[in-house]
Amino acid sequence: MWSLASKLWGKPNVPEQSTVPQGVLYEIMPPGAKVKRRCVYKDAQLSIRPTNIKHQYQLVVQKVVDEDEKKLLEDDDEYEDDDERAFLIGVEIGFSRTMFEAAHGFKWSDPVEPEGSGYEYIMNGKASIVYICENFAMAVAKCAWTRKENRSYMDAPAAEVKAILTQAEEDELGQMLSNVKIDDSELAKAAEYEAATTTTPTKQKSVTEGEDGLRSAPAASATTAELPAEPDVMVDGEIIVSVLGSLYLFGPQTTDFVEIAEEVALTVVKAGKYTYWMNVASNDRDFSSQRIEPEMNAVFNHNYRSLIWNYFDLAGKAYSFSMIPTDDAHYNALHQGMTRAAYETLNQEPWEKVSETSQEYMLDAYEEDAEMLSLPDNWSAHSESADEEEEESDEGEDDLGKAIRHEPVPAGVKTSRPAERDDEDEYNSSGSAGSEAETESGESDSEDEEGSEHEGGAGDGDGDSAKNSRLAVGYKHGRSFVVRGSRIGVFKHTDDDKIEFDTTINQIDDTRGRKFTPSSVLLHEQDSALVLADSQRPHELYKMDLERGKVVEEWKVHEDVPTVTVAPTSKFSQMTGDKTLVGLSHNMLYRIDPRLGGDNLIVQSENQAYATKSHFTSAATTEAGAIAVGSAKGEIRLFDRLGARAKTMLPALGEPIIGIDVTSDGRYVVATCKMYLLLIDTKLPEDSAGRTGFQKSFPAARKPALRRLQLKPEHVVYMGAPILFTPAKFNQSPDGNRSEKTIVTSSGPFVITWNLRRALGKGRGDAYSIKQYPETVVADNFRFGQDKSIVVTLPNDVLSVKRSQLAKPTRKTLMIHASDAVGSSLLSSSRNEIVNSPY
């Protein structure tokens with residue numbers, strides 16, 4: 001065991017006299033700050049070194065930077081050198097030992113900074129950490145004694161040195177106690193609460209430090225909303241935050257929120273490492289105890305000081321709770337505590353390691369009423385039809401979105417107003433825009449093949465178990481292509497926005513005759529070819545000649561680089577003869593050029609690899625060829641070109657990115673997560689040239705503006721299951737109009753669109769339209785070049801639906817009825833009897 005003290009005091013003239021090699025430096029913010037702690041250096045070393053003045057030493061924290069990060073920082077025009085913090089050691093800095101989440105460390109203040117602020121250094125590693133902590137603290141105390149007495153530390157009595165350290169720790173404890181304010185009225189309230197509490201432990205109902213005590217809660221008010229059963233166990237653990245407020249429950253029959261408890265305590269507890277639970281209870285009963293995870297679908301709204309979330313009981317039934325904390329302090333504490341818990345749960349790392357800028361970015365992401373994102377300059381010339389459509393949508397806006405959803409106190413306010421007109425038959429559209437007559441007579445063109453018996457299944461493509469799985473929408477000849485097992489159905493778009501079955505490519509096999517089911521498809525070379533991937537052979541790609549209907553080329557991309565996905569070289573390169581593609585592996589971005597031939601088709605000058613596993617999942621390109629890349633970690637990187645490091649990396653909220661798309665000009669990015677979409681404005685703030693994060697790095701203290709698009713928790717109650725979005729897409733606008741206007745995605749049997757202009761508005765992240773189908777939607781996209789019609793792929797059907805047919809979400813449009821499933825089955829049977837298509 002090495003002696004830290006002997007190292008320090010045995011060589012008083014060396015530049016680095018004592019070092020703790022691994023740790024994290026945090027800045028403790030002054031009281032009243034929104035963020036309590038911020039990470040200054042994620043990886044740092046702490047040391048003591050002498051100054052040029054006799055008997056004076058500095059406490060020095062130096063940032064440790066690896067070679068990859070150093071290179072990235074050197075390329076960043078906005079980078080400012082901030083690799084070291086130094087503090088003159090004296091008794092006034094109050095240096096003391098501390099602990100954070102079972103890790104040892106040190107705490108001190110800087111006399112020139114605001115009162116209540118300071119710094120913490122938390123050590124990493126396990127070897128002799130207690131010994132190191134104690135000896136380093138004594139070393140700093142000796143330096144403080146030396147400066148105070150202006151004598152060599154060699155003369156320092158051990159008792160006086162120890163007294164300096166002890167006094168600093170006592171002062172720290174006294175400061176903590178002085179922040180706890182308890183008056184007689186609070187003590188009286190606490191006594192009343194203690195007397196009234198008989199079943200629920202006081203620990204579960206404690207409030208955050210300095211807040212009002214818990215008042216005795218009256219019995220739940222009468223309501224027609226059905227309460228979930230009380231949880232068997234309220235999960236216990238370290239209390240992270242506990243707040244008071246009133247609790248409401250959404251009633252699916254009455255379509256409003258009803259108050260069920262005038263006062264409850266909502267408590268976030270840490271039940272294990274990176275495992276958090278949320279408990280809600282009043283004096284009368286326990287309402288819920290649930291793990292904090294994405295399925296909660298939590299929504300915060302600061303203007304109305306509310307939290308709304310979903311709760312699923314053991315049977316899988318969905319409920320929607322709403323809590324309104326008693327005041328802003330309770331709301332802010334809940335917002336930060338829940339965001340921290342969600343981040344640590346998904347990222348498996350401490351919240352404190354995240355920079356202050358990234359923390360603010362994440363806090364904003366969970367706020368429904370974030371500031372309005374700026375609109376493109378050319379939107380002032382938007383067509384009148386778009387504005388009329390928005391006005392029409394606004395007329396159908398549900399009252400809940402305006403009032404009751406955020407502040408559900410007034411009784412009888414409905415979630416949504418009755419529909420202006422009867423919805424068209426939900427399940428009869430098969431390229432005929434919902435014509436009921438066509439469905440009943442079996443004359444719909446798209447019915448001629450989609451419900452038919454056909455060969456082709458998953459894997460081998462044989463048998464009748466195959467389902468539709470992939471969709472590619474073409475620009476040329478109005479064709480779309482749907483993968484079904486080892487076959488591809490070709491569909492024709494008509495002038496009246498219907499869709500008709502055209503032909504079938506009967507068997508997909510490679511150049512060696514091996515049959516396979518494509519895991520992805522991409523139209524290429526002016527829609528004359530399809531690029532196919534096979535998940536069983538990730539080092540290869542296949543080119544299918546659509547004129548001949550067979551695979552004509554097999555591309556061996558690289559024997560050591562498994563390709564996760566491919567993207568076009570630019571947004572509209574499928575309309576050109578461009579031969580190249582953008583390839584993506586788990587940690588590499590590269591250009592694929594089939595013309596190179598051989599077993600390595602990666603262009604060496606146009607690839608960017610990362611040393612660590614980045615877990616890339618998806619990519620999209622702009623018209624100029626810039627690339628947006630999403631990862632399973634939830635990170636988003638923006639590249640201006642291939643072969644260079646990312647200009648911008650957005651911090652991960654935690655959920656994997658399962659799909660990504662970008663507008664043609666690179667202004668907006670939409671990233672798809674399981675439960676929500678992230679809409680990101682990449683325009684650099686206050687940049688006179690109007691550049692985006694693709695072209696230039698964001699300033700260190702700024703992050704792109706973002707909006708989280710998600711379904712209302714009360715709408716999920718009607719839908720009956722957690723959300724699982726398919727990759728969202730912008731409509732494509734290649735013909736002169738480069739302004740995308742709409743986003744489309746789906747979840748379960750629902751197709752959902754967001755009007756981009758409305759989604760960018762303040763508090764309008766939930767402004768969406770929806771349409772239900774009898775089966776799960778497996779893929780969807782706009783018809784190429786417009787946003788008026790959407791191609792919808794079901795497991796056994798392909799349809800074209802007009803966007804105008806999507807309606808505001810109401811009880812009628814969202815409820816899934818058992819009769820619908822029966823009707824779907826009968827409809828499929830009738831189609832099988834009528835048509836015997838080979839597809």
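**Strand pairing, aromatic contacts and internal space in a predicted model**

Phe639 is located in strand S29, which spans residues 636-639. In this predicted model, Phe639 has a relative accessibility of 1% and is therefore classed as buried, the limit being under 20%. The C-alpha atom of Phe639 is separated by 8.4 Å from that of Gly693, although the two positions lie 54 residues apart along the chain count.

Two antiparallel hairpins were examined. Strand S17 (residues 487-493) pairs with S18 in the antiparallel sense, and six bridges connect the two. Within this pairing, His493 is placed opposite Ile499 of S18. Five residues separate the strands of the S17-S18 hairpin, and in the turn Asp497 adopts a positive phi of about 65 degrees. The second hairpin is formed by S31 and S32, again with five residues between the strands, and here Gly666 takes a positive phi near 80 degrees. S31 and strand S32 (residues 668-672) run antiparallel and are joined by four bridges. Ile660 has Ala671 as its bridge partner in S32. The residues of strand S31 (residues 659-662) alternate in direction: Gly659 and Asp661 point one way, Ile660 and Val662 point the other way, and all are buried.

Aromatic contacts were then considered. The model contains 20 aromatic pairs. In one of them, Tyr343 and Trp351 meet edge-to-face, with 5.7 Å from centre to centre and 70 degrees between the planes. Both Tyr343 and Trp351 are buried. A tilted arrangement is found for Phe516 and Tyr542, whose ring centres are 4.9 Å apart and whose planes make an angle of 35 degrees. Phe516 belongs to the loop between strand S18 (499-505) and strand S19 (520-524), whereas Tyr542 belongs to strand S21 (residues 540-545); the pair therefore ties together parts that are 26 residues apart in sequence. Phe516 and Tyr542 are likewise buried. Elsewhere, ring pairs connect Phe87, Phe95, Phe106, Trp108, Tyr119 and Phe136 into a cluster.

Charged side chains are also placed over aromatic rings. Arg37 lies over the face of Tyr26, at a distance of 4.5 Å from the ring centre. For Lys771, which lies over the face of Tyr773, the corresponding distance is 5.8 Å.

With respect to cysteine pairing, the count of disulfides is zero. Cys39 is classed as buried because its relative accessible area of 5% is under 20%. Cys133 is assigned to the buried class on the basis of a relative accessible area of 3%.

Internal space was surveyed last. Eight cavities of 30 Å³ or more are present in the structure. The largest cavity holds about 200 Å³ of space. This largest cavity is lined by 18 residues, of which Glu293, Pro294, Ala298, Ala342 and Tyr366 are the closest to its centre. Helix H6 (residues 328-347) makes the greatest contribution to the lining of the largest cavity, supplying five residues.

How values were computed
Residues numbered from 1 in each chain as written. Heavy atoms only, no water. Disulfide = S-S within 2.5 Å. Buried < 20%, exposed > 50% of the residue type's maximum accessible area, 1.4 Å probe, protein only. Phe/Tyr/Trp six-rings, centres within 6.5 Å; stacked < 30°, edge-to-face > 60°. Lys NZ or Arg CZ within 6 Å of the ring centre and 35° of its normal. Pairing = 2+ DSSP bridges. 1 Å grid on protein atoms, 1.4 Å probe; cavity = no way out; pocket = protein on both sides within 12 Å on 5 of 7 lines; lining within 4 Å. Points joined across faces, edges and corners; volume = space filled by probe spheres on them.
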